[in-house]
Each structure stands twice: as structure tokens, then as C-alpha cells.
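Student: Please guide me through this structure, one question at a time. Which word should I understand before we begin?

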Amino acid sequence: MISKNDMKERNRMSILKTIRRGVCSRADISATLGLSKPAVSALVDELIKEGLVYETGRGDSTEAGGKKPILLDFQANVSMIAAVSFNNKHYEVALVDLVGVVKLYVKKEIHIYDDYRQTIDLIVQEIRDLIQVAREQGHQQPVIACGVAIRGLVDTKMGIMRYSSAMPWKDAPIEDYMKQSLDIPIFLENDARAGTYVELLNSNGAYSNSLVCVSVGLGIGTGVAIGNEVYRGAFDGAVNLAHATIDHDGPLCRCGNRGCWEALASITAFSEELVRRDGKYADLEFTEILNLYHEGDAVVADVLFNYTGYWLGVGIANILQTFNPEVLIIQGELTFVGPELERKITEVVHQRVKSAVTKRSVIRFSEHSEKLQVRGAAAVISQYFFSDSHHRLIWK
């Protein structure tokens with residue numbers, strides 16, 4: 001049986017989520033949720049007192065005339081989220097508001113020690129330093145939680161990084177270790193699923209059926225959302241398509257198998273194929289290679305379109321046949337190549353997908369790939385912040 005307090009809390013969260021979706025009045029909320037106007041007013045007053053909601057002014061009168069309604073909006077700047085993402089090359093740390101706007105950001109090279117605690121200590125200190133910079137710049141809002149996006153197999157319930165082909169750690173209890181140092185809730189997430197949360201946060205509930213996100217970086221990650229909920233599988237290992245075999249005679253992957261999708265279509269694979277063509281491309285960062293492409297480098301263009309783009313299309317065709325999503329979004333630095341690569345990938349997919357139903361899926365590049373991984377870590381916290389199960393853990 002649901003208690004009065006539980007019902008009040010559910011109604012409070014429903015009101016907060018309604019206001020988050022767009023500016024509205026108390027009367028709008030009452031009509032949308034089917035709650036009485038006095039109940040809505042009382043809960044809205046609580047949210048205003050807590051600083052989560054504010055009155056923006058008056059709206060237009062209805063056709064019947066009468067008093068203009070007072071409009072309400074969500075106060076995204078009432079607090080900040082610490083967001084962390086790292087791989088075997090770099091770490092990123094940011095302070096982000098509750099709807100994903102990055103306020104402060106830093107990216108640095110990382111050293112992966114055999115003992116995970118030594119690496120995490122460096123990241124924790126970077127968080128503290130960034131908070132200090134924020135205070136000096138006048139940002140006095142509390143930092144209420146920290147999201148951490150990591151490449152690899154992550155046990156989100158236990159806060160443990162189980163395994164990553166990019167790092168030497170096994171069963172590293174990162175969440176507990178960071179919480180001891182920062183004394184705020186910490187939430188660990190796989191980086192690809194974190195990227196999916198970015199799209200869900202920015203869509204504001206638009207993907208009511210199914211969404212697939214393919215994150216292309218040093219590796220490849222895939223996230224699937226069904227009914228605006230990210231699918232995890234029984235042990236947090238669902239949709240790990242990076243290591244699906246695409247070409248059984250393909251290059252050796254970090255995981256030990258040959259021809260994995262990641263070994264053919266990631267940015268790492270792109271760079272390796274480029275060096276196989278010509279050693280002059282060795283040691284170049286992807287941004288430098290991207291500049292060469294935009295300057296007309298024919299070799300870079302050929303590898304981008306006829307190798308990386310081709311193999312991405314092959315893998316995505318398999319995903320469409322499996323999930324038949326409304327939308328498939330490609331994320332990550334590779335999207336900075338531009339729409340010509342998007343068209344190439346779509347062309348390969350449509351050559352391989354014969355079903356008229358599957359061909360209706362929309363394939364497009366993300367509009368949110370800038371600082372994707374660290375924004376994904378923040379989006380995980382935002383998702384929890386607006387959930388009935390975790391809101392009070394984060395917002396005390």
C-alpha cells in the first residue's frame with residue numbers, strides 16, 4: 001500500500017518533470033497530471049522554496065479572458081554536477097548544470113597506473129581544483145553528485161569497473177573509492193550508455209519507442225534505449241557489439257579476437273589503417289588528421305570513406321536488423337568529419353539492408369558530440385536526478 005508521503009513524493013516528482021519539459025503554469029500542470037489545483041500549488045511552492053523552480057512572469061490570458069497565469073520554469077543552475085570521463089589516453093573533468101550545460105572543463109593526458117587508486121587520486125584532485133576555480137569565478141552552487149563514464153564493462157549497481165581492454169584493472173571499486181574522497185554520491189556508467197543518456201536528456205522524451213546510439217571513439221560503444229529507458233541486460237553487459245565479429249579474417253583486436261567491429265571501425269582502427277597506407281601519419285592526433293582531410297588529403301579521405309565509413313555501415317546494418325529502432329544516432333569525434341561521411345555510412349547500410357521496414361529507421365550524426373563522454377557522465381546524474389528512485393539520494 002502506498003503511503004501518503006510516498007504519494008506526495010511521486011506527485012512532487014511528476015510536477016518537477018513536467019516543468020522540466022517546458023515553461024508552464026500551475027493550471028497547465030493540474031490539467032496535465034490530473035491533480036487538484038490546491039495540491040499542485042502546495043507542491044510548486046515547496047519546489048520554489050527548494051530553489052528547483054522559479055516564476056518567470058505572466059503568460060497570455062485564455063480566450064475566456066481572466067487573470068494572466070504565472071509561468072514556471074526549472075532552475076538548472078541551482079546546483080552543479082561533477083562529471084568525469086577517462087580512457088587510456090586522456091581524462092576529462094567538468095562541472096555541469098542539471099540540464100547538461102558545461103560550466104567549466106579540463107582535458108589532460110592520463111597515466112594509467114597498475115593500481116587504480118593512483119590514477120583515481122589524480123582525477124579526484126582535478127575535481128577539487130576545478131571546484132576551487134568555480135568558486136573563484138563566483139559559482140557558489142553546491143556540487144551534489146559525480147558521474148563517471150568509463151570505457152569497458154561496468155557494474156553500475158555495485159559501482160565497480162569489471163573489465164576494460166584499454167586498462168589493466170579488474171573489479172576496481174571506483175565508486176566507493178571516490179566517494180570516500182569527495183563525500184558526494186558517485187555513479188559509474190559505461191561510456192556508450194552515458195552517451196545514450198545525452199541524447200535522451202536533450203530529446204526531452206521524444207524517443208518514445210526505441211533509440212540506438214553508436215559512439216565512435218578510441219573504441220566503439222553501443223547504447224539502446226527502449227521507451228526512454230536504457231537497456232542494460234542481466235549483468236550490465238547488454239549490446240556490447242564492439243566485439244561482434246564483422247570480418248573473421250580482419251585485424252587483431254585488443255580483446256584477442258580477430259575482425260571485431262571495434263578493430264575495423266573505431267578511430268583507433270582508422271589511425272592504424274592510415275599508418276599502414278603511409279607511415280607519415282604516425283603519431284598524429286585525430287584532430288590533426290581531420291585538418292588534413294579538410295585540406296584535401298586524398299589518402300585520409302579514402303580511409304575515412306572506404307574503410308572506416310564502410311565498416312561502420314556494415315555494423316550498423318546488423319544493428320538495424322536486430323533492433324529496428326526509430327532512430328540510430330552516431331556519436332563521437334568521427335561526426336566532425338561532416339555530412340558527407342554520414343551519407344556514405346547511410347549508403348552502405350541501405351545497400352545491405354533489404355527490409356522496407358528496417359530502411360525506415362533514421363540514421364544521423366549526433367548534434368551533441370562536443371565533449372560527449374564527460375557530458376554523458378553528467379547526463380547519467382541528470383537522469384537519476386529526475387527519477388523517483390534516486391532523486392532524494394542526490395537532492396538532500
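Tutor: A residue is called buried when its relative accessible area is under 20%, exposed when that area is over 50%, and partly exposed in between, with a 1.4 Å probe and only the protein chains taken into account. The areas themselves come from the Shrake-Rupley method, in which only the protein chains shown count as cover for residues. What you see is a predicted model, in which local features need pLDDT of at least 70 and side-chain atom pairs count only at pLDDT 80 or more, while totals for chains, interfaces and linings use all residues. Residues are numbered from 1 along each chain as its sequence is written, and side-chain values use heavy atoms, with hydrogens and water left out.

Student: Are Glu262 and Arg151 buried or exposed?

Tutor: Glu262 forms a salt bridge with Arg151 (a side-chain nitrogen of Lys or Arg within 4 Å of a carboxyl oxygen of Asp or Glu), and their closest N and O atoms are 2.9 Å apart. The partners come from distant parts of the chain, 111 residues apart: Glu262 sits in helix H7 (residues 261-265), and Arg151 in the loop between strand E7 (143-150) and strand E8 (153-155). Helices (H or I, at least four residues) and strands (E, at least two) are DSSP runs, numbered from the N terminus. As for the cover of the two residues, Glu262 and Arg151 are both buried.

Student: How many salt bridges are there by this rule?

Tutor: Side chains of opposite charge can pair when their charged atoms come close. One example joins Glu189 to Arg193, with 2.8 Å between the closest N and O atoms, and both of these residues are buried. Counted with the distance rule, the total of salt bridges is 18.

Student: Which residues are linked in a network of salt bridges?

Tutor: One bridge to look at is that of Glu50 with Arg12, whose closest N and O atoms are 2.6 Å apart. Because Glu50 lies in helix H3 (residues 37-50) and Arg12 in helix H1 (residues 4-20), this pair ties together parts that are 38 residues apart in sequence. Glu50 counts as partly exposed at 27% relative accessibility, whereas Arg12, at 1%, counts as buried. The network of salt bridges links Glu9, Arg12, Glu50 and Arg392.

Student: How many residues apart in sequence are the parts that Phe74 and Phe385 tie together?

Tutor: Rings of Phe, Tyr and Trp (its six-membered ring) pair if their centres lie within 6.5 Å, with planes under 30 degrees apart called stacked, over 60 edge-to-face and the rest tilted; by this rule there are 11 aromatic pairs. The rings of Phe74 and Phe385 have centres 6.4 Å apart and planes at 55 degrees, so this pair is tilted. Since Phe74 belongs to strand E3 (residues 70-74) and Phe385 to helix H12 (residues 372-385), the separation in sequence is 311 residues.

Student: Which residues form one aromatic cluster with Phe74 and Phe385?

Tutor: Phe74 and Phe385 are both buried. They belong to one aromatic cluster, whose other members are Phe386 and Trp395.

Student: Which helix holds Tyr177, the residue tied to Tyr116?

Tutor: Tyr116 and Tyr177 form an edge-to-face aromatic pair, 5.8 Å from centre to centre and with 80 degrees between the planes. Both are buried, because the relative accessible area is 15% for Tyr116 and 17% for Tyr177. The pair ties together parts that are 61 residues apart in sequence, for Tyr116 lies in helix H4 (residues 116-136) and Tyr177 in helix H5 (residues 174-182).

Student: What is the relative accessible area of Asp183?

Tutor: Asp183 is found in the loop between H5 and strand E10 (186-190). Its phi is near 55 degrees, a positive value in a residue other than glycine. Asp183 is exposed, because its relative accessible area is 67%.

Student: Which residues form a negative surface patch?

Tutor: A patch is made of residues with over 30% relative accessible area and no salt bridge, like charges being joined within 9 Å and nonpolar side chains (Val, Leu, Ile, Met, Phe, Trp, Tyr) within 5 Å. Lys and Arg count as positive and Asp and Glu as negative, without His and the chain ends, and the place of a charge is NZ of Lys, CZ of Arg, CG of Asp or CD of Glu. One member, Glu288, lies in helix H9 (residues 286-294) and counts as partly exposed at 37% relative accessibility. The negative patch consists of Glu109, Glu285, Glu288, Glu333 and Glu370.

Methods: Accessible areas come from the Shrake-Rupley method with a 1.4 Å probe; for residues, only the protein chains shown count as cover.
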